[in-house]
Amino acid sequence: GGHQLKNATYYADNGAVKVFDEAGTPSDLAEIITNLLGDEKSRLSLGKQLHHLSKPNAAVAIAKLLADDL
């Protein structure tokens, strides 16, 4: 149902990831990786944004919500 792409797009829109279109070629992917390897500023920015968006205790919070409904 496109769930993975929707999730990836959310993170990409918030500057936390680079999205690789599955229709792309291995060369396209290699270019993205090579560019990131050579750009420390971009890597640090992606990491910072990803950390900002992370929900470390999400599984526990979901379990509690489900348990409360029992």
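Here is a short tour of this predicted model, from the whole chain down to single residues. Residues are numbered from 1 along each chain as its sequence is written. Local features need pLDDT of at least 70 and side-chain atom pairs count only at pLDDT 80 or more, while totals for chains, interfaces and linings use all residues; side-chain values use heavy atoms, without hydrogens and water.

**Whole chain.** Start with a cartoon view: you will find four helices and zero strands, in the order α-α-α-α from the N terminus (helices are DSSP runs of H or I, at least four residues; strands are runs of E, at least two). Switch to the C-alpha trace, which spans about 50 × 30 × 15 Å along its principal axes. The radius of gyration is 16 Å, whereas a compact globule of 70 residues would have one near 11 Å (taken over C-alpha atoms; the globule rule is 2.2 Å times the number of residues to the power 0.38). Buried residues, those under 20% relative accessible area with a 1.4 Å probe and protein chains only, make up 4% of the 70.

**Helix 2.** Now select residues 26–37, the helix that holds E31. Add D21, E22 and D28: together with E31 they gather in a patch of negative charge on the surface (patch residues have over 30% relative accessible area and no salt bridge, with like charges joined within 9 Å). A salt bridge here means a Lys or Arg side-chain nitrogen within 4 Å of an Asp or Glu carboxyl oxygen.

**Helix 3.** Move on to residues 40–53 and pick L44. Is L44 buried or exposed? L44 counts as exposed because its relative accessibility is 55%, and exposed means over 50%. Finally, show Y10: its C-alpha lies 19 Å from that of L44, 34 residues apart in sequence.

Terms used. Patch = residues over 30% accessible without salt bridge, like charges linked within 9 Å, V, L, I, M, F, W, Y side chains within 5 Å. Areas by Shrake-Rupley, 256 points an atom, 1.4 Å probe, with all protein chains shown as cover. Lys, Arg positive; Asp, Glu negative; His and termini not counted. Charge placed at Lys NZ, Arg CZ, Asp CG, Glu CD.
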